[in-house]
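Reader: I should like to learn how to read a model of this kind, feature by feature. Where should one begin?

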Amino acid sequence: MTTGKINVSVENIFPLIKKFLYSDHEIFLRELISNGTDATLKLKHLTSIGEAKVEYGNPIIEVKIDKEGKKLHIIDQGLGMTADEVEKYINQVAFSGAEEFLDKYKDSAKDSGIIGHFGLGFYSAFMVAEKVEIITKSFKDEPAAHWTCDGSPEFTLEPADKTDRGTEIVLHIAEDSLEFLEEAKIRELLNRYNKFMPIPIKFGTKTETLPLPEGAAEDAKPETIEVDNIINNPNPAWTKQPTELNEEDYKKFYHELYPMQFEEPLFNIHLNVDYPFNLTGILYFPKLGSDLQIQKDKIQLYQNQVFVTDNVEGIVPEFLTMLKGVIDSPDIPLNVSRSGLQADAAVKKISNYITRKVADKLKALFNDNRADFEQKWNDIKIVLEYGMLSEDKFYEKAGAFVLYPTVDDKYFTLDELKEQLKEKQTDKNNKLVLLYANNKEAQHSYIEIAKEKGYEVLLLDSPIISHLIQKIEGDNSELSFVRVDSDHIDNLIKKEDTAISKLSEEEQTSLKTVVETIVPKQNYTVQLEALDSQSAPFIITQPEFMRRMKEMSQSGGGMFGMGTMPEMYNLVVNTNSDLATTILNTQDKTTQESLIKQALDLAKLSQNLLKGEALTAFVKRSFDILK
């Protein structure tokens, strides 16, 4: 029997401290199963190149609980270790077996899936165990070894009577970690971290019912047998080529990832690249609508099928963190700070690749089946609009597939709008005016006025649309977006058949003076317009510039030193309305004032501006008129 002290020095213990000091204790199981997977994949590689003269077979990793003995066993059927290798890889902590193996076989092993980053993970066992044993038998024709350590630098190493190839780790669980002897807890950890490990993982057994043979008697009872309970899927969808999968396969995998998600995803994007970095994965577009407060952290990051985190910020472009799915890459550094990760060159390339791949997929979906893409638009628009705002590379490609729906459920790209509306919706400077509503119900009367005049009205109702509009206008100086309830459209759009006022200039001056004496000057600018006689007598609009400034001051917390912008509106009086003539010809000042107040309140009501005391007064006045 050998005794001695583990070679732990400041230099070689530092990576352990860096990796585990602030980590959750529960990752010990991920690390130990990763090591077992490593050992199994190494053996597979060595047998494939003829260096290991053994039968690889169908190895598994087994996790067993001995609750009475307060022990947890992790057993693999990998290449095992000789006593000398235990001395080297376990006692001399500075070595990482996986990294040394990869270095030795770097040309032939690069695609073998060996997990180099987890080589030091064995010592995480001491976060939950007061004593750890290793019983191991190498694939080489050498005696088995039994290593024991109680968490101090002291260890023992002696021969063992193990005859089958592989390694068994025995954790003597500490009193403060007895939760790891509960079946439910271990099952939870296996499902979280090891659900897609490349080697089958056995955890207990389950009962299976055998089918009855043909011709069995009616009262025959089917036979039941105990079989290994394999808790993982060693060949998840993202490890396969897209040509091997159909739509049902992708949907099945989606529900494997999110068993409590009953709604089907809209579509998926399969990522598969091996140069200039390695990355595979599948991203799913769920139904999102217009809610920005969607739960993020639904994309899972793996490294060679080992779960790492579901916080992919900095790796996946921010606008795509609202999606769901899996990304697997051995090229993402795991042991750096979040700021370091965002600055890493490889990570930036990966983020740019994902952005480009998503844009290409969206363009293909648009081109292949535009009608289906239009049908899904309202469920995906918030992600795409956010992407246009936050990612320049995505913005550059988005013009080919981003849609601008109308209030009548027609869909256009920006280029199509420019082409179709350039003749009928230009202002006095020949600039294209894109009218839009952001609330179809609240702005119904304004939409109807615009439609009666033959104008197209877009429906842009996402919470970030005002910011996106400014970006688009900045890149397209030949157009401007104007909300349908902003400055009156007859003032904006060049029109040949402009209506002529029924009132003379003198009468118009008198009417304006009367209205201005009643309407509060601090909130309203009175404008007289010769509109169609069917148009409303009083219309409230807000100048587009003023409305945008107000939105900026609200969203920016008083940015640019503007503070809170005042409520300023235009009151457009239709000089061709019967009410305008009635107000002008009414001699009784009280009646005249009442008409103006009632018309103003009706206009305010249509804009949802009538509230509180003013609304109460309006209702009372309306009932008085009815009496």
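Author: Let us begin with strand pairing: two strands pair if DSSP finds at least two bridges between them. Helices (H or I, at least four residues) and strands (E, at least two) are DSSP runs numbered from the N terminus. This is a predicted model, in which local features need pLDDT of at least 70 and side-chain atom pairs count only at pLDDT 80 or more, while totals for chains, interfaces and linings use all residues. Residues are numbered from 1 along each chain as its sequence is written, and side-chain values use heavy atoms, with hydrogens and water left out.

Reader: Which residue stands opposite L434?

Author: L434 faces F481 in β19. Strand β17 (residues 432–437) and β19 are parallel partners joined over 5 bridges. They belong to an open sheet of 3 strands in the order β18-β17-β19, with parallel pairing. β18 (457–459) and β19 (479–483) stand at the edges with a single partner strand each, so one side of each has no neighbour in the sheet.

Reader: How should one read a positive phi?

Author: Most residues other than glycine have a negative phi. Here Q305, which is not a glycine, has a positive phi near 75°. Q305 sits in the loop between β12 (299–303) and β13 (306–309). D409, also not a glycine, has a positive phi of about 65°, and its place is in the loop between β15 (404–405) and β16 (411–412).

Reader: Is D409 buried or exposed?

Author: Buried means under 20% relative accessible area, exposed over 50%, and partly exposed in between (1.4 Å probe, protein chains only). D409 therefore counts as exposed, at 57% relative accessibility. Q305, at 12%, counts as buried.

Reader: How are salt bridges to be recognised?

Author: Side chains of opposite charge can pair when their charged atoms come close. The rule requires a side-chain nitrogen of Lys or Arg within 4 Å of a carboxyl oxygen of Asp or Glu. By this rule the count is 29 salt bridges. In one of them, D392 pairs with K471, their closest N and O atoms being 3.6 Å apart. D392 lies in helix α10 (residues 392–398) and K471 in helix α13, so the pair ties together parts 79 residues apart in sequence.

Reader: Where do K410 and E456 lie?

Author: K410 is in the loop between β15 and β16, and E456 is in the loop between α12 (444–452) and β18. Their side chains meet in a salt bridge (3.2 Å, N to O). K410 counts as partly exposed at 36% relative accessibility, whereas E456 is buried at 11%.
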